[in-house]
Amino acid sequence: MDFGRVTPAELEELDFKLPAEPLFNKKVLKGKPVKKPLCYLGCAKWGRKEWIGKIYPKGTKEALFLPEYVHHFNSIELNATHYQIYGPDTISKWDAAAKGLDFKFCPKVPQAISHFSNLSQATAGPKTTSFLEGVLAFGKHLGPIFLQLSDKYGPAKRQALYDYLASLPTDLQFFLEVRHKEWYEDEAMRQDLFEKLQELKIGAIITDTAGRRDCAHMHLTVPKIFIRFVGNSLHPTDYTRIDDWANRIKYWLDKGLQEIYFFMHMHDEALSPDLAAYLADRIEAVCGLQVKKPQFVKE
């Protein structure tokens, strides 16, 4: 993922410290840990040829990428659904690869809705229905569904966004990612957004990437988190950033966080499993939660 990418020189100057805990989160977290919080870790795609010989056995064919992927991660940020609407037949085939596993597919709303419609019922409604009819075939393997808006979609269009979000089925968990800078620059607008999401029980995606520190807003609008982390090819700061995340997640768990969805991105995706494995180790050491992690091919 190239969102928020910076030059090597800029990277050396960045302050990656996570923002202070917002007072807003006290509205959402109950203050006491839950008995069995859930933790899911994954990447954005299973079809990475760079992983052949790394976590996929040498000679693995593309048709076997997903069956291999589910042995290394317990979730996926499913970007494939962003580019086209898949019907139940295709979704069912993907779902079969995770049969018997505690695995979550977290599909991304198609760009035909998120980027190329005005989110009105007339334009987005039928497409949303088709999209949801497809992903419901994941059954118990369906995780949160996430809507990523274009960086051109600003607060001036918020009413259309709020109306669209209010039209979504309440028995499914949705998360929203906004990228237009005005959502973050105007404090009143930012609070309005988070309060609306809390009212609708829709999560706010936290995106941690070098060039857009505003997107690491740290607000929880539901007692669940959906983090999109963009590393920098195993730069030393990647590891200190993961350490900070493990500590913050522990704090949230102590306050009542119920579910964790953490998705690893890298400008060089060949390296995503390396940092994902480090994250899994830190989550276990700091938070006491065991999560499936990549197993590397032995030479």
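Which residues does H72 touch, not counting residues up to four places away in sequence? The close-up views below take up this residue, a helix and a sheet.

The model is predicted, with local features needing pLDDT of at least 70 and side-chain atom pairs counting only at pLDDT 80 or more, while totals for chains, interfaces and linings use all residues. Residues are numbered from 1 along each chain as its sequence is written, and side-chain values use heavy atoms, with hydrogens and water left out.

**View 1. H72 and its surroundings in a loop.** H72 lies between helix 2 (65-69) and strand 2 (75-78), where helices (H or I, at least four residues) and strands (E, at least two) are DSSP runs numbered from the N terminus. Its contacts (heavy atoms within 4.5 Å) are I55, Y56, K292, K293, P294 and Q295, leaving aside residues up to four places away in sequence. H72 counts as buried because its relative accessibility is 5%, buried meaning under 20% relative accessible area with a 1.4 Å probe and protein chains only. The H72 side chain reaches the backbone oxygen of I55 at 3.0 Å.

**View 2. Helix 5 (residues 121-135) and what covers it.** The buried residues of helix 5 are A124, G125, T128, F131, L132, G134 and V135, and their cover includes helix 3 (88-96), strand 4 (145-148) and helix 6 (158-167).

**View 3. An open sheet of three strands.** The strands follow the order 4-5-6 with parallel pairing, two strands being paired if DSSP finds at least two bridges between them. Strand 4 and strand 6 (203-204) are the edge strands, each pairing on one side only. Four bridges join strand 4 to strand 5, and Q148 stands opposite E177 in strand 5.

Key:
Expected span 1.5 Å × (residues − 1). Buried < 20%, exposed > 50% of the residue type's maximum accessible area, 1.4 Å probe, protein only. Polar contact = N/O pair within 3.5 Å; in protein donor to acceptor, adjacent residues only side chain to side chain.
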